[in-house]
Amino acid sequence: MSDEYKIPQHVAIILDGNGRWAKKRHMPRNYGHKVGADNLEQIIEDAWDLGIKYLTVYAFSTENWKRSVEEVTGLMTILREFLKKSIDKSMKNNMRVSIIGKRDRLDKDIIAAIDELEETTKNNTGLHFIVALNYGGRDEIT
């Protein structure tokens, strides 16, 4: 990478617009969320390759609970899949994963998977990938 580029140490991304992207293509909103999640894997790799040390994604806000049951269920399914495959990928790539936000509304199996992922990757020294789940702007200000 050329010295003319100043690579930030920390990049944060709000994951937004996947449902609208799918709707434009006459696909279900959850299809857009799945494609977005798949794209995130490439973003994580690219961030590390660029020398970014911290990548935070805002993935599911407290306001997202107001979406349809089908959409929330689909998002939680994507989250479960992500958590399941993240341990192996994180260990292979020396990536540390942290999940921030309130856990109180998450199902127990999701909380257990988060705890396992964080514990397993806590000593990894590569990219620190942070996922904001069940967060809210009002809470952040408070």
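Start by selecting α3: the elements covering its buried residues include α2, β2, β3, α4 and β4. The model on screen is predicted, and this tour goes outward from that helix.

**Stop 1: helix α3**

Select residues 69–92, the run that makes up α3. Colour Glu71, Val72, Gly74, Leu75, Met76, Ile78, Leu79, Phe82, Leu83, Ser86, Ile87 and Ser90, the buried residues of this helix.

Next, check the length of α3. The helix has 24 residues, which at 1.5 Å a residue should span 34 Å, and its end C-alpha atoms are 35 Å apart, so the two values agree. Where is the kink in α3 centred? Select Ser86: the helix bends there by about 45°.

Move along α3 to Ser90, which belongs to this helix. Its relative accessibility is 1%, so Ser90 counts as buried, the cut-off being under 20%. Show the residues in contact with Ser90, leaving aside neighbours within four places in sequence: Met95, Val97, Leu117, Thr121 and Asn124.

Just after α3, select Asn94, where phi is positive, at about 60°.

**Stop 2: the nonpolar core**

Now select Met76, Phe129 and Leu133. These residues have the most contacts inside the largest nonpolar core, which holds 26 residues. Six elements each supply at least two residues of this core: α2 (29–50), β2 (54–61), α3 (69–92), β3 (96–100), α4 (108–121) and β4 (128–135). Which element gives the largest share of the core? That is α3, with seven residues.

Keep Leu133 selected and display what surrounds it. Setting aside residues up to four places away in sequence, Leu133 touches Ala59, Phe60, Leu79, Ile99, Ile100, Gly101, Lys102, Leu106 and Ile114.

**Stop 3: strand β4 and its partners**

Select β4, residues 128–135. How many of the residues of β4 are buried? Eight of the eight are, so the strand is largely enclosed by the rest of the structure.

Add β2 to the selection. β2 and β4 run parallel and are joined by seven bridges. To see one pairing, pick Tyr54, whose bridge partner in β4 is His128.

Then add β3, which pairs with β4 in the parallel sense over five bridges. Val97 stands opposite Phe129 in β4, and Ile99 has Val131 as its bridge partner in that strand. Now trace the chain from β3 through α4 to β4. Is this β-α-β crossover left-handed or right-handed? The crossover is left-handed.

Before leaving β4, select Asn134, which is located in this strand. Asn134 is not a glycine, yet its phi is positive, at about 55°. With a relative accessibility of 2%, Asn134 counts as buried.

**Stop 4: the loop between α1 and α2**

Go to the loop that links α1 (18–24) to α2, and select His26. Phi of His26 is near 60°, a positive value in a residue other than glycine. Is His26 buried or exposed? Its relative accessible area is 74%, so His26 is exposed, the cut-off being over 50%.

Pro28 is found in the loop between α1 and α2 as well. At 53% relative accessibility, Pro28 also counts as exposed. Draw a C-alpha to C-alpha distance from Pro28 to Glu71: the value is 9.2 Å, for two residues 43 apart in sequence. Glu71 leads back to α3, where it is one of the buried residues.

**Stop 5: Gly36 in α2**

Finish in helix α2 by selecting Gly36. Gly36 has a relative accessibility of 15% and counts as buried. Draw a second C-alpha to C-alpha distance, from Gly36 to Asn18: these residues are 18 apart in sequence and 6.1 Å apart in space.

Notes: Residues are numbered from 1 along each chain as its sequence is written. This is a predicted model: local features need pLDDT of at least 70, side-chain atom pairs count only at pLDDT 80 or more; totals for chains, interfaces and linings use all residues. Side-chain values use heavy atoms; hydrogens and water are left out. A nonpolar core is a set of buried Ala, Val, Leu, Ile, Met, Phe, Trp, Tyr and Cys residues joined through side-chain atoms within 4.5 Å. Buried means under 20% relative accessible area, exposed over 50%, partly exposed in between (1.4 Å probe, protein chains only). Helices (H or I, at least four residues) and strands (E, at least two) are DSSP runs, numbered from the N terminus. Contact means heavy atoms within 4.5 Å. Two strands pair if DSSP finds at least two bridges between them. A crossover is right-handed if, with the strands pointing away from the viewer, the path from the first strand over the helix to the second runs clockwise. The expected span of a helix is 1.5 Å times one less than its number of residues. The bend at a residue is the angle between axes fitted to the seven residues ending there and the seven starting there.
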